[in-house]
Amino acid sequence: MKESFSDSTAATAWRFSLYTFGFLLLAASLPWVAQYRGAAAFKENGAIEWLQLGFLVAISMMFLREAFLSPRFHQVFVMLACVPAAAGVREMDADLDRIIPWLGWKIGYAFILYAGFVGYANRQILGHQVTRCLKSRGFALLWAGFMVAFPFAQLVGHGAFMQVIMGDDYSRDYRRMIEEIGELMGYGLLLIGSFELILETRTTATGDESTLTDKSSNSDV
């Protein structure tokens, strides 16, 4: 049987075209930022860090909003909202370490603990939600974003590694720039993945409701 190019497939193609254009635009703007703002744009409280924080806040708010709009996936979206919230707190480490002595950015662990509490308290019903999410392309994008933002950016931007690669040309500013760019691209993928996951869970919920309605109608016949 031949698969037709449906309206939903066309919509997905258009969305991913826009994602690609957005990524290219973001990447193309980085040389301009480096030229006009210098290394300062990649340091604490620089333009890149604020953009990263904006991505993380947007992701967390999207998940939190969807948690209340999609009751069937409420728990998993609350848990997902906690992860970028904790990462956002980590991005504010310098300010928080100054404002909250002894604790500082570690206050962000409260979000992770809360996510764990929600998961444990709802472990009986969470399996279905997690299974649906794991099967989605949105989750694949979230996983890719996580791998870029954390293992890749942190390891490639590690000081010891960069010293070996750059030798006498090593500079902490260069190391930070590579690390921050990796994190920024990873957060961009997380933003795309969160949007796709929300769209897919909405479609899943609608499809399940239609199936239940059809079964109910057939049973009445």
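**View 1. The cavity of the predicted model.** This predicted model holds 1 cavity of 30 Å³ or more. The largest cavity has a volume of about 40 Å³. Its lining consists of Asn45, Glu49, Trp50, Leu53, Glu91, Met92 and Asp95. By class, 3 of these lining residues are nonpolar, 1 is polar and 3 are charged. Helix α2 gives the largest share of the cavity lining, with 3 residues. A probe the size of a water molecule, rolled over the atoms, reveals where empty space remains.

**View 2. The centre of the largest pocket.** The largest pocket has a volume of about 900 Å³. Its lining counts 36 residues, and the closest to the pocket centre are Val83, Pro84, Ala87, Phe146 and Phe150. Which classes make up this lining of nonpolar, polar and charged residues, and in what numbers? The split is 23 nonpolar, 2 polar and 11 charged.

**View 3. Helices around the largest pocket.** Several helices each supply at least two residues of the pocket lining: α2 (47-69), α3 (74-91), α5 (109-121), α6 (123-134), α7 (137-156) and α9 (172-220). Which helix provides the largest share of the lining? Helix α3 does, with 9 residues.

**View 4. Helix α3, end to end.** Helix α3 runs over residues 74-91. At 1.5 Å a residue, its 18 residues should span 26 Å. The end C-alpha atoms of α3 lie 27 Å apart, which agrees with that expected span. Is α3 largely enclosed or largely open to the outside? Of its 18 residues, 13 are buried, so the rest of the structure largely encloses this helix. Buried here means under 20% relative accessible area. An α-helix has 3.6 residues a turn, so residues three or four places apart point the same way.

**View 5. The whole chain, for orientation.** The protein has 9 helices and 0 strands. Along the sequence, the pattern reads α-α-α-α-α-α-α-α-α. Of the 221 residues in the protein, 37% are buried. How much of the contact set joins residues at least 24 apart in sequence? Among contacts between residues at least 6 apart, the share is 76%.

**View 6. The accessible surface.** The protein exposes about 13,700 Å². Carbon and sulfur atoms supply 67% of that exposed area.

How values were computed. Residues are numbered from 1 along each chain as its sequence is written. This is a predicted model: local features need pLDDT of at least 70, side-chain atom pairs count only at pLDDT 80 or more; totals for chains, interfaces and linings use all residues. Side-chain values use heavy atoms; hydrogens and water are left out. On a 1 Å grid over the protein atoms alone, a cavity is a set of points where a 1.4 Å probe fits but cannot get out, and a pocket is an open set with protein on both sides within 12 Å along at least five of seven lines; lining residues have an atom within 4 Å of a point. Grid points are joined across faces, edges and corners, and a volume is the space filled by probe spheres set on the points. Helices (H or I, at least four residues) and strands (E, at least two) are DSSP runs, numbered from the N terminus. Ala, Val, Leu, Ile, Met, Phe, Trp, Tyr, Cys and Pro count as nonpolar, Asp, Glu, Lys and Arg as charged, and the others, Gly among them, as polar. The expected span of a helix is 1.5 Å times one less than its number of residues. Buried means under 20% relative accessible area, exposed over 50%, partly exposed in between (1.4 Å probe, protein chains only). Contact means heavy atoms within 4.5 Å. Accessible areas come from the Shrake-Rupley method with a 1.4 Å probe; for residues, only the protein chains shown count as cover.
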